[in-house]
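The exercises below concern the structure shown here. Each consists of a task followed by a solution in steps.

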Amino acid sequence: MPESKSPPDQTPSSVAHRKVLIVDDEESMRLFLARILVTRMQVEVTLAGTCEQALHLAGSYAYDAILLDLLMPGIGGYEVLKELRRASPNIATPVIIVSVLADKVTQDRCMTAGASVCLVKPVERNALVSTLKAQIAGRSKPKTTG
């Protein structure tokens, strides 16, 4: 018997059957973010606890969005962001930075490197959900130049 994640009639079409990669070295934060997204948006989440794991996962699957912490051991979240934008199936995937770093220089650096949005920890649930919905909706629309 096939396993069903959520009935189609109970999931908004704008986020139904979407997959989000959550990258954070703190397990409690990964689980907190995942719980919000699964219960409030019914998206499927994949969790990565290291930068290397994140790059491996993002190198083999195009996610609908990626939540990325900056302060991580190893190469760090900023380098993960640059690598995602350099060469991966997620080159155009919305990347939402979720970090304690709130200074303008860091946020500008992330935006220049290809982040879609920067959220500051502790992230507010409604802000996370509305930001992710907007990013997913924006991705599904064809880009136009004016």
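## Preliminaries

Just after helix H4, Gly114 takes a positive phi of about 120°; helices (H or I, at least four residues) and strands (E, at least two) are DSSP runs, numbered from the N terminus. The model is predicted, so local features need pLDDT of at least 70 and side-chain atom pairs count only at pLDDT 80 or more, while totals for chains, interfaces and linings use all residues. Residues are numbered from 1 along each chain as its sequence is written, and side-chain values use heavy atoms, with hydrogens and water left out.

## Exercise 1: Overall architecture

Task: State the secondary structure content of the protein and the order of its elements.

Solution. Step 1: the protein has five helices and five strands. Step 2: read from the N terminus, the elements run β-α-β-α-β-α-β-α-β-α. Step 3: of the 146 residues, 43% count as buried, where buried means under 20% relative accessible area, exposed over 50%, and partly exposed in between (1.4 Å probe, protein chains only). Step 4: among contacts (heavy atoms within 4.5 Å) between residues at least 6 apart in sequence, 65% join residues at least 24 apart.

## Exercise 2: The two faces of H4

Task: Determine which residues of H4 are buried and where they lie around the helix.

Solution. Step 1: the buried residues in H4 (104-113) are Thr106, Cys110 and Ala113. Step 2: viewed down the axis of H4, these buried residues fall within an arc of 65°, so they line one face of the helix; the arc is that of the directions from the helix axis to the C-beta atoms. Step 3: an α-helix has 3.6 residues a turn, so residues three or four places apart point the same way. Step 4: the face of H4 turned away from the buried side carries the exposed residues Lys104, Val105 and Thr112. Step 5: the cover over the buried residues of H4 includes H3, E4 and strand E5 (117-120).

## Exercise 3: The two sides of H2

Task: Identify the buried residues of H2 and the elements against which they pack.

Solution. Step 1: Cys51, Ala54, Leu57 and Ala58 are the buried residues of H2. Step 2: they cover an arc of only 130° around the axis, which puts them on the same side of H2. Step 3: His56 and Ser60 are exposed on the other side of H2. Step 4: the packing partners of the buried residues of H2 are E1, strand E2 (44-48) and H3.

## Exercise 4: The nonpolar cores

Task: Describe the largest nonpolar core and the elements that supply it.

Solution. Step 1: a nonpolar core is a set of buried Ala, Val, Leu, Ile, Met, Phe, Trp, Tyr and Cys residues joined through side-chain atoms within 4.5 Å. Step 2: the largest has 22 residues, of which Leu21, Val23, Ile66, Leu68, Leu81, Ile97 and Cys110 touch the most other members. Step 3: at least two residues of this core come from each of strand E1 (19-23), helix H2 (51-60), strand E3 (65-68), H3, E4 and H4. Step 4: apart from this core lies another, of 20 residues, among them Ile36, Leu37, Val43 and Val123. Step 5: not counting residues up to four places away in sequence, Cys110 touches Leu70, Tyr78, Leu81, Ile97, Ala115 and Cys118.

## Exercise 5: Ala115 and Asp25

Task: For these two loop residues, Ala115 and Asp25, state the location, the accessibility and the contacts.

Solution. Step 1: Ala115 lies in the loop between H4 and E5 and, at 8% relative accessibility, counts as buried. Step 2: leaving out residues up to four places away in sequence, Ala115 touches Leu81, Val95, Ile97 and Cys110. Step 3: Asp25 is in the loop between E1 and helix H1 (27-41) and is partly exposed, with a relative accessible area of 31%. Step 4: with residues up to four places away in sequence again not counted, Asp25 touches Arg30, Gly49, Asp69, Leu71, Met72 and Pro73. Step 5: Asp25 and Leu71 are 46 residues apart in sequence and 8.3 Å apart in space, C-alpha to C-alpha.

## Exercise 6: Tyrosine rings

Task: Give the geometry of the aromatic pair.

Solution. Step 1: rings of Phe, Tyr and Trp (its six-membered ring) pair if their centres lie within 6.5 Å; planes under 30 degrees apart count as stacked, over 60 as edge-to-face and the rest as tilted. Step 2: the structure holds one such pair. Tyr61 and Tyr63 form it, with 4.8 Å centre to centre and 70° between the planes, which is edge-to-face. Step 3: Tyr61 is partly exposed at 34% relative accessibility, whereas Tyr63 is buried at 4%.
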